[in-house]
Amino acid sequence: MDTPHMADFVCPVITIDGPTASGKGTVAHRVAKHLGFHYLDSGALYRLTALLAKQKGVSLDDESAIAALARVLPCRFVHGHVFLDEVDVTDAVRAEAVGVAASQIAVLPAVRQALVDLQVAFRYAPGLVADGRDMGTVIFPDATLKVFLTASAQARASRRYKQLIEKGIAANMEDLVKDLTERDARDSSRATAPLKPAPGAFILDTSAINAEQAVAQVLAWYAEAPKP
Ligand code: C5P
């Protein structure tokens, strides 16, 4: 009888892609917790790269310099906290300005390529839930279940508004809608890995449902999905 090789064991992956503030972070995190799977917040990698570039004074359109930073990104994820070198940057990476900078460097193909291995390395037993823009289309095209979360710009802006106000950060609805719409346009229109549903993805509109309902739907789809 043949001895199975490690390479024969493929871990299940659930990909959750969608536009900014569609609720994918919350949903992906809860689904991962429910299943006991690892969780990849791929947007954090783009945010960390942008933050590092800003700290080092690298221009956000210097593709090769930013790709060089991304290739050896000194990041660690520990119990919900994100570290860049030894510094806890959990709050700093969530800042709106860092999100905007992340979406600017995310259009650069060499930067996206530099982050591929790091993302793929998150896939190990017992399984992974990965959230982002291109998880189902580019990084994990063989995912067990692919979900595309959407919500109206208005619903997403009001969610983001609530989050910011809760954190004591001043926010303005009009600016948020404008920022979201611009970021969506940049993410959807870029040549490399544009934001779009992967072939075979289940589309879930979260405008009128809460996180709990969205999680229940994803778990129901996963229960039905053929496993590797
Ligand atoms: O999801 P989050 O808002 O943290 O992502 C920040 C930015 O990083 C996005 O606007 C997008 O431009 C980029 N991104 C990406 N591909 C991913 C995840 C994030 O291009 N898989």
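In this predicted model, 17 residues surround the ligand, and those that come nearest are R47, R112, R133, D134 and D187. Two of these names turn up again in the polar contacts. The side chain of R133 puts an N or O atom 2.9 Å from an oxygen atom of the ligand, while the side chain of D134 has an N or O atom 2.8 Å from a ligand nitrogen. R190 joins in as well, with a polar side-chain atom 2.9 Å from an oxygen atom of the ligand. On its own the ligand has 460 Å² of accessible area, and the protein covers 98% of it.

As for who lines the site, the shell breaks down into eight charged, five polar and four nonpolar residues. Three helices each supply at least two residues of the shell: helix 2 (42–55), helix 4 (96–105) and helix 9 (173–189). Helix 2 gives the most, with four residues. At the level of domains, the ligand lies between domain 1 (13–37 + 126–222) and domain 2 (42–124), because both give residues to the shell around it.

Turning to the aromatic residues, the structure holds three aromatic pairs. One of them is F37 with Y222, an edge-to-face arrangement with 6.0 Å from centre to centre and 85° between the planes. F37 sits in the loop between helix 1 (24–35) and strand 2 (38–41), and Y222 in helix 10 (residues 211–224), so this pair ties together parts that are 185 residues apart in sequence. Both F37 and Y222 are buried.

F77 and F122 make up another pair, with ring centres 6.0 Å apart; their planes are at 80°, over the 60 degrees required, so this one counts as edge-to-face too. Here again distant parts of the chain are linked: F77 belongs to strand 3 (residues 75–78) and F122 to the loop between helix 6 (116–120) and strand 6 (128–132), 45 residues apart. The two partners differ in exposure. F77 has 35% relative accessibility and so counts as partly exposed, whereas F122, at 18%, falls under the 20% limit and therefore counts as buried.

One last spot to look at is A153, which lies in helix 8 (residues 153–166). Its relative accessible area is 28%, so A153 is partly exposed. Between the C-alpha atoms of A153 and A214 there are 18 Å, with the two residues 61 apart along the chain.

Notes
Residues are numbered from 1 along each chain as its sequence is written. This is a predicted model: local features need pLDDT of at least 70, side-chain atom pairs count only at pLDDT 80 or more; totals for chains, interfaces and linings use all residues. Side-chain values use heavy atoms; hydrogens and water are left out. A residue is near a molecule or strand if one of its heavy atoms lies within 4 Å of it. A polar contact is a pair of N or O atoms within 3.5 Å; within protein, one must be able to donate a hydrogen and the other to accept it, and residues adjacent in sequence count only if both atoms are side-chain atoms. Accessible areas come from the Shrake-Rupley method with a 1.4 Å probe; for residues, only the protein chains shown count as cover. Ala, Val, Leu, Ile, Met, Phe, Trp, Tyr, Cys and Pro count as nonpolar, Asp, Glu, Lys and Arg as charged, and the others, Gly among them, as polar. Domain bounds come from an automatic or database domain assignment. Buried means under 20% relative accessible area, exposed over 50%, partly exposed in between (1.4 Å probe, protein chains only). Rings of Phe, Tyr and Trp (its six-membered ring) pair if their centres lie within 6.5 Å; planes under 30 degrees apart count as stacked, over 60 as edge-to-face and the rest as tilted.
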